[in-house]
4 protein chains.
Amino acid sequence: MHLPENRNKRKIFNDPVYGFISIPFDTIFDLIEHPYFQRLRRIKQTGLTHLVYPGALHTRFHHAMGTMHLMGLAIDTLRSKGVDISEEEAEAVTIAILLHDIGHGPFSHALEHSLVSGISHEEISSCFMQKLNDEFNGKLSLAIQIFNNQYPKKFLHQLVASQLDMDRLDYLKRDSFFTGVSEGVISTDRIITMLNVVNDELAIEEKGIYSIEKFIIARRLMYWQVYLHKTVLSAENLLVKILQRAKELAEQNERLFCTPPLEFFLYNKVNKDTFKNDDKTLDIFAQLDDFDVMASVKVWQSHPDKILSLLCQNMVNRKLYKIKLRKKPFHKNDFEAEKKQISSQFNVNEKELQYFIFTDKIINNAYNPKHDKINILFKDGSILDIAEAADNLNISALSKPVTKYFLCYLKS
Amino acid sequence: MHLPENRNKRKIFNDPVYGFISIPFDTIFDLIEHPYFQRLRRIKQTGLTHLVYPGALHTRFHHAMGTMHLMGLAIDTLRSKGVDISEEEAEAVTIAILLHDIGHGPFSHALEHSLVSGISHEEISSCFMQKLNDEFNGKLSLAIQIFNNQYPKKFLHQLVASQLDMDRLDYLKRDSFFTGVSEGVISTDRIITMLNVVNDELAIEEKGIYSIEKFIIARRLMYWQVYLHKTVLSAENLLVKILQRAKELAEQNERLFCTPPLEFFLYNKVNKDTFKNDDKTLDIFAQLDDFDVMASVKVWQSHPDKILSLLCQNMVNRKLYKIKLRKKPFHKNDFEAEKKQISSQFNVNEKELQYFIFTDKIINNAYNPKHDKINILFKDGSILDIAEAADNLNISALSKPVTKYFLCYLKS
Amino acid sequence: MHLPENRNKRKIFNDPVYGFISIPFDTIFDLIEHPYFQRLRRIKQTGLTHLVYPGALHTRFHHAMGTMHLMGLAIDTLRSKGVDISEEEAEAVTIAILLHDIGHGPFSHALEHSLVSGISHEEISSCFMQKLNDEFNGKLSLAIQIFNNQYPKKFLHQLVASQLDMDRLDYLKRDSFFTGVSEGVISTDRIITMLNVVNDELAIEEKGIYSIEKFIIARRLMYWQVYLHKTVLSAENLLVKILQRAKELAEQNERLFCTPPLEFFLYNKVNKDTFKNDDKTLDIFAQLDDFDVMASVKVWQSHPDKILSLLCQNMVNRKLYKIKLRKKPFHKNDFEAEKKQISSQFNVNEKELQYFIFTDKIINNAYNPKHDKINILFKDGSILDIAEAADNLNISALSKPVTKYFLCYLKS
Amino acid sequence: MHLPENRNKRKIFNDPVYGFISIPFDTIFDLIEHPYFQRLRRIKQTGLTHLVYPGALHTRFHHAMGTMHLMGLAIDTLRSKGVDISEEEAEAVTIAILLHDIGHGPFSHALEHSLVSGISHEEISSCFMQKLNDEFNGKLSLAIQIFNNQYPKKFLHQLVASQLDMDRLDYLKRDSFFTGVSEGVISTDRIITMLNVVNDELAIEEKGIYSIEKFIIARRLMYWQVYLHKTVLSAENLLVKILQRAKELAEQNERLFCTPPLEFFLYNKVNKDTFKNDDKTLDIFAQLDDFDVMASVKVWQSHPDKILSLLCQNMVNRKLYKIKLRKKPFHKNDFEAEKKQISSQFNVNEKELQYFIFTDKIINNAYNPKHDKINILFKDGSILDIAEAADNLNISALSKPVTKYFLCYLKS
């Protein structure tokens, strides 16, 4: 009997969102197989959102595959309209989108406010790409150029990072799908079909203008209803507080049950320099995922530190902070009485109170033409920003950011 | 400022499968809030299936909510046809379906072949229900009677456990949805609409007969394409082997990094007696979930035992066993050469070979009239088993179980 | 052998949009069976839109069934929130919505600009309801009161006719579905779930505010992309011109092939008075449907009048007017040259030119708070119009109507 | 001002089933624009099925576009697997599928039993193709060869006409979609992805075997639940009887209101010879569509012949025949009493009774390996018929045709 290796690099993935996803290039297959990328299977795309929307357990792996799929559609569409994209560029821009989020850690937002500081996930993505490029003998060089917007054809970068990039198109659709917030669904097909390139910039053809309006409003809705949903904020802030408390205890050399990679990040100061200068940091970061964090949080429920144990019990049993969200800021005086009550009830001092009651703000900016615009291409060849191209002032209105303020507090 | 408790027990859940799920009874709300039930949020419904279908990360929590939703529809339908179901019975049968799977541990199938032996998840479910009944002052007594088929109205039990129970209706639909295997989708709406009760037994009205054929074929398809997919089998068997090896090492008092609940199950013999006679066992079991297992597996990648570390690296980096699936059994002689090659290549003895190459069988039984039948109710009031009622022998054919055999082996 | 009548008035309809639609009241069943209502099976909901979106062949019958279904959901939701709706009122408001469009003729918009003048479809609906009420011995009296907004509980009328009535909820969803313009899809489920009644007015609960924003933008999009799509406008205007020409010829006593009901409306002057004072008019109107119009248009392709025959050939073979759509009006001078060219090419005089080139305007008003507002209900019980309640000025912007102008002309 | 002709032959159609359909070749665009093809916009795909499933109003035009779309996918898939298909062949096979049903008349089944006899719609399709080929200067020659299975590459014909042709794949999916019988939905994507060619025959790759099982069962279900639904049978037979009666009256030189093309087919004997030898016949047939038939039926409601008028009133107001469906044939004696009752009630003679009560049979053959097989291609390159390849006898069972018998009768 013969045991053959039948390694087919043109594998097909089932995706409930798009049906089938196929792998377009052999290098892509090898990147997907790499432990750095497989790790994304263990990092949820939307952190703790599943505590509000139980279906939202999809991973950054799945999102990355989705962006790769959409990139293929975008390349086909642009080529069919005469935009010149070589095979090499097609592979590179697909690699760039596949790896655009590879620097995300578990519960990324919470992590960046506690364990890892002074370095963004985009910068960590760059570190990973650099290291992979070494391993792959320079095959990622063009992808990295595009990712960093250093490649002459600027529109390729825009497919990876802009207001209409494949990242946004996929995450809005995917997050809508898995949360069940069907109103966030966008028509990626139609938007991609309307893509074109003018003066080396991405543009949407005129008849797609209402699809873009809808895309902007869907994005706004997803922010309020999912990403900035008040219970999601409450859960994320609870995790921030847990990790901050753990870090605080670690700095006092308290013993904490930890998986090895989490231990490294709790008991060491890690910042941009350590990432860039010490190979070990990136390797250990690559071992860190949702399992390290949640397995440790579960054990910390019985830690002797009463604050840590209480917060962890609340997380595990989904007893989240009560939260109030409103348009005007919370001033100290607004919750002086509550602080006193909490202080006496939980018997905590002024400094410890930050784990029990606190306030912060959030911003929702459905369309931000300052960073980069969404261009509308008219039949006569002229180009306008969507806010000006619209036949109504509604998009202008949506380009004004909306700020809200929240107060979180523990209830007895 | 006033910080109110606004606890609304009639909360609505978003479910991408059904749209909205509402909570029908206050006791149900309290059960969902209980840590025993919240724990199901951390146990995936389909174990390691996500290694083949990346979307299949949905949890037993979500499935249980889905069955609760379908039970509500079934109760409404049956009542509209004059079937007598009191409010008390409606609540009880809904509790019974909500808790029907509460005894599942993480990666249930793998667990039952390694850490926990001699007790089924159904029996553990019973233990949980008993304990919850104590806490809820007997409010679950009727639900337990129905669950155990000790209640006079037998059809209520059939709604919880039979060939057309709400469990199957939900899991087929939900697993299809999250895997993206759209062909497994069944029309739960239509099937429930066709439900009726005759002689205290569930029956499907005549015009629903083709829907049931489709349901049986969809079930068959889901077994081959998802539950018994060869790569899924490979992954599950890899986890079984990992846990068996870990248990073996634990029995030799080797030190293993573990979360506390996993440690308990690794370093102690646990069986039906310990569950029934020692309260602690159930409580510790209730702390065990996917995070304990996978966080530990990740750490074991660097364990000194070369077999354990190799298997764990393979799991984490998705280098699964090669697997062959066929209709006739594998005899020893069929893979003698492979054993020799593996033995020399990995330098392992005869006993250790079981971790590198092994064979087993699987059975797919799309429709099993021996356990309980699917009754078809004709307009003249007569009842027939679907296999007899069908206008063709295809259902009879499907009531014959199909057995297949597989061989798993590690490649260098 | 016995041939029984098994008339089940609680029949279930398959609807690709909602799955199943069941008939809630016996009177509703009898109304659906009535020839006046069956007639709606032969009148397409969106006229000639199928010439652009080939799937848009759904009928006013199907839409009416859909509104009936949504009304059932709305009644359930409102009752569950403590709003008092008696069985009698529930039946009446369901009848009112079922019949709200019964006065529509074939290609309603075109018809009102040619064959029938001085009476709106709403008034014809009233005539039908009155006549049905006579036949049904007064069973429709309450429904008619609600339809005419003469019933004390004003919110019941709002369910039938307002910015959030079941009519709009169904037609946006249904038209999106059948055209395939998936971006017009609205979440009827979610919107209905958020309905409440305050001070006898419908209101949407605060957390539904983004769903309403999305609803308004979807409506705007459906107007531009479907109802006011330029090719749809071109087709509709072609039919208007055909019917105007036929009427003109009929007034000159030219013979035209016609089905009997169409003959009546071509060769007689019909207005509000004839409808109200002459029973025959309503009865003949009830015989008129899409088949009468299109079958005649097909025959007119070979009519001796060269204008009529040319226009009809263009309709049948889908050679529609060229059309230009823009924000500023077309002045005479803008197309003087074209008129001359057409005039000489087709050899037509100044008066006849109106059939070959003409201009008109359209208005899209996504949200019109002047007619009636969409109320948002806050947790503290206060009520605000959505344009004020929104956290951004985008809805205010959308309450400004957008006017566009078009020029249609025949090409050689 | 300039009025340009902007004729873009690469137009995109919205299709609710597939999203977008684009036109792959210029000749295809011209064929779609041709009146022979535009005519299919006025012929419903499923005849009178909409009387049971109100959404089923989709046309043969839309189905033809769908098959064209699927053909594009199939060509892409096969080419990606190394199957040689030249551009010329791709265009030809796409033309062949686009025109495969062009010979269908309105309510085709009813028509073939009344107005047109001795010639099948396939033969009329051939006539149309021949005539179009003349007009298009021989551009359809290769398409015609493929359609008639006279081209060496046999698998191209199988894509057009076989058990897995694009025709079946589209109609099952499309009819499921528009009826709302979601259980008939098949996964066209997956099936096409599994297509391959071996020994010049289409085959399905091994792992697609369960998809094919599901396809066969879905087909079986669609037959019983839609195409052979007893109320659909009743409606179709009512139309047959109406047209037979009209023809009978026409043969007696009774005057009947008719559109001109219907008049031709009522008052003339038309068969294969007239179609082939007299150009006029095909041209007049090309003018006949649903509007001619239904507009005339509506007028015949008041025809002096009491049988014709009664049947037509029943059709228009949806008072269909009562119908009984069963496994054993109806013998004369089974309904002797009913005949007597009807005879006296409606005062009709023995010969006329055929319009009031009659019996017939239907056959459902889910899989028919006698005509042509569905080949399963195994990894080792071997080929088996699916009935043999399946791991269970269920497909063998389904290859046995099921016959049922019905009795239709008018109720007073």
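Copies of a chain are superposed by least squares on the C-alpha atoms of residues with pLDDT of at least 70 in both. The model described here is predicted. On this basis, chain B is superposed on chain A by a rotation of 180° with 0.0 Å of shift along its axis, at an RMSD of 0.0 Å. The C-alpha of B:Phe291 is the nearest to this axis in chain B, at 2.6 Å. The two copies use the same surface, since 100% of the contact residues of chain B recur in chain A.

The contact between these chains involves 41 residues of chain B and 41 residues of chain A. On the side of chain B that touches chain A, at least two residues each come from β1 (12-15), α2 (35-38), α3 (60-80), α9 (166-179), α16 (290-300) and α18 (336-346) of chain B. Among these elements, α16(B) gives the most, with six residues. By class, the side of chain B that touches chain A consists of 21 nonpolar, 11 polar and nine charged residues.

Chains C and D were treated in the same manner. A turn of 180° and a shift of 0.0 Å along the axis lay chain C on chain D with an RMSD of 0.0 Å. This is therefore the relation of a two-fold axis. C:Phe291 comes closest to the rotation axis of the residues of chain C, with its C-alpha at 2.7 Å. Because 100% of the interface residues of chain C are also interface residues in chain D, the copies meet through the same surface.

In this second pair, 41 residues of chain C are in contact with 41 residues of chain D. The side of chain C that touches chain D takes at least two residues from each of β1 (12-15), α2 (35-38), α3 (60-80), α9 (166-179), α16 (290-300) and α18 (336-346) of chain C. With six residues, α16(C) gives the most to that side. The residues on the side of chain C that touches chain D comprise 21 nonpolar, 11 polar and nine charged.

Within chain B, helix packing was examined for helix α1 (residues 26-33) and helix α4 (residues 87-98), which pack at an angle of about 15° with their axes 10 Å apart. Angles under 35 degrees count as roughly parallel, and α1(B) is therefore roughly parallel to α4(B). The crossing in which α1(B) passes α4(B) is right-handed. From α1(B), the residues B:Thr27, B:Ile28 and B:Leu31 take part, and they meet B:Glu91, B:Thr94, B:Ile95 and B:Leu98 of α4(B). The contact of α1(B) with α4(B) is made up of four nonpolar, two polar and one charged residues.

Strand pairing was examined in chain A, where strand β9 (residues 402-409) is joined to strand β5 (residues 322-326) by five bridges, the two strands running antiparallel. In this pairing, A:Lys324 has A:Leu407 in β9(A) as its bridge partner. β9(A) also pairs with strand β6 (residues 357-364) of chain A, in the antiparallel sense and over eight bridges. Here the partner of A:Phe358 in β9(A) is A:Cys408. In a regular strand the side chains alternate between the two faces of the sheet.

Note on methods: Residues numbered from 1 in each chain as written. Chains lettered and ligands numbered in written order. Predicted model: local features only at pLDDT ≥ 70, side-chain atom pairs only at ≥ 80, totals over all residues. Axes fitted to C-alpha atoms, helices over the stretch in contact; angles between N-to-C directions. Helix = DSSP H or I, 4+ residues; strand = E, 2+ residues; numbered from the N terminus. Parallel < 35°, antiparallel > 145°, perpendicular 65-115°, else oblique. Left-handed = near helix turned anticlockwise from the far one by under 90°. Contact = placed C-beta atoms within 7 Å. Nonpolar A, V, L, I, M, F, W, Y, C, P; charged D, E, K, R; others polar. Pairing = 2+ DSSP bridges.
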